[in-house]
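Ready for a few exercises? Take a look at what follows, then try each task before reading its solution.

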Amino acid sequence: MTTTVTNPGSRVDDAAGERLFNEIIARDSRIEPRDWMPADYRKSLTRQISQHAHSEIIGMQPEANWITRAPSLKRKAVLMAKVQDEAGHGLYLYSAAETLGTSRDRMTEDLIAGKARYSSIFNYPVLTWADIGAIGWLVDGAAICNQVPLCRASYGPYGRAMVRICKEESFHQRQGFEILLELANGTPEQRAMAQDAVDRWYAPSLMMFGPPDEESPNSQKSMEWNIKRFSNDELRSRFVGMMVEQIRVLGLELPDKDVRYNEETGRWEHGPLDWNEFREVLAGRGPCNAQRMERRREAHEEGAWVREAAAAYAAKQAAGRATAKVA
Ligand SMILES: [Fe+2]
Ligand SMILES: [Fe+2]
């Protein structure tokens with residue numbers, strides 16, 4: 001059978017493994033690293049989790065650029081904590097992906113060689129302080145909508161990583177909302193700055209859920225495997241509903257005249273999105289793609305000595321343990 005492999009840690013043959021895998025999925029229970037799994041399941045999860053990890057790490061860049069320009073000590077401390085959280089998310093996710101058999105080094109190499117993708121949203125420029133508010137509110141907000149259902153993903157290490165990540169994302173969204181709330185209640189200039197940031201980040205954040213359902217061929221399989229629980233359009237609609245409520249509290253406006261609740265479908269609808277722009281950004285031709293990748297490569301090269309030192313330390317520890325055993 002070409003679509004299956006026998007896992008290194010599994011003692012069952014393909015036929016028994018596949019039966020067990022299907023049973024686990026049918027019971028809505030969890031697949032763990034040593035369980036037998038179809039090769040496509042492993043491949044698809046490795047792609048999804050590593051893309052997610054890359055997004056967390058690349059996503060640190062647009063906000064980290066604003067740490068030195070945060071308008072107060074409190075804002076600086078909050079933003080630093082948030083950016084550090086994102087680094088943590090990247091690390092949990094690389095660890096979760098590694099349990100599927102691909103090393104973190106390999107995933108990083110694929111990213112810096114331009115072979116791996118990350119979320120298109122991080123290729124947009126952060127022009128003002130209000131953008132930090134809009135990113136927290138809209139981008140982290142969209143991430144929460146997407147990720148809460150992933151806490152129940154069938155692959156154990158991924159689902160468990162998402163639980164902690166989602167708790168931290170909620171804090172990120174609150175801090176973004178609070179920045180916008182303060183600006184919206186500030187001077188006319190601050191209010192205009194907040195509205196401008198929301199205007200620019202709204203559509204890209206809606207596109208974070210991925211292409212419309214009819215153009216998302218991988219989604220179906222992912223839903224059958226209990227990785228994804230809701231379709232891209234369903235999640236996007238929920239997100240729009242959340243934003244409609246919250247923008248009222250902010251006293252700002254969503255830059256979308258077509259937002260409405262459809263009683264018949266029970267879904268929130270929104271205006272047209274520019275999917276050509278989405279594809280261009282994803283293909284590496286967005287406003288900041290080159291800058292983000294260059295910075296990631298530089299950081300990787302500058303960090304070479306840390307990796308070497310950590311490897312030397314680990315080797316020394318292992319040698320010490322071996323000597324202790326002999327003694
Ligand atoms: Fe995150
Ligand atoms: Fe976040």
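A donor here is an N, O or S atom within 2.8 Å of the metal. Keep in mind that this is a predicted model.

**Exercise 1.** Find out how far apart the two iron ions are, and which residue coordinates both.

*Solution.* Start with the spacing: the iron ion (ligand 1) and the iron ion (ligand 2) are 3.4 Å apart. Next, look for the shared residue, and you'll land on Glu86, which coordinates both. Now follow two other donor residues of ligand 1, His89 and Glu169. His89 sits in helix 4 (residues 73-98) and Glu169 in helix 7 (residues 156-184), so this pair ties together parts that are 80 residues apart in sequence.

**Exercise 2.** List the protein donors of the iron ion (ligand 1) and work out what kind of site they make.

*Solution.* First, the list: Glu56 (OE), Glu86 (OE), His89 (ND1) and Glu169 (OE), lying 2.0 to 2.2 Å from the ion. Then check the angles among the four donor atoms, which run from 86 to 144°. Tetrahedral would need all angles between 85 and 135 degrees. The verdict for this site is irregular.

**Exercise 3.** Decide whether His89 is buried or exposed, and do likewise for Glu169.

*Solution.* The cut-off for buried is under 20% relative accessible area. His89 comes in at 0%, so buried. Glu169 has 2%, so that one is buried too.

**Exercise 4.** Describe the largest pocket: what is its volume, and which helix gives the largest share of its lining?

*Solution.* The volume is about 1,300 Å³. Of the 47 lining residues, those closest to the centre include Gln51 and Phe209. Helix 2 gives the largest share, seven residues.

Notes:
Residues numbered from 1 in each chain as written. Chains lettered and ligands numbered in written order. Predicted model: local features only at pLDDT ≥ 70, side-chain atom pairs only at ≥ 80, totals over all residues. Heavy atoms only, no water. Donors = N, O, S within 2.8 Å, 3.2 Å for Na, K, Ca; no water. Tetrahedral: all angles 85-135°; square planar, octahedral: opposite > 155°, others 65-115°. Helix = DSSP H or I, 4+ residues; strand = E, 2+ residues; numbered from the N terminus. Buried < 20%, exposed > 50% of the residue type's maximum accessible area, 1.4 Å probe, protein only. 1 Å grid on protein atoms, 1.4 Å probe; cavity = no way out; pocket = protein on both sides within 12 Å on 5 of 7 lines; lining within 4 Å. Points joined across faces, edges and corners; volume = space filled by probe spheres on them.
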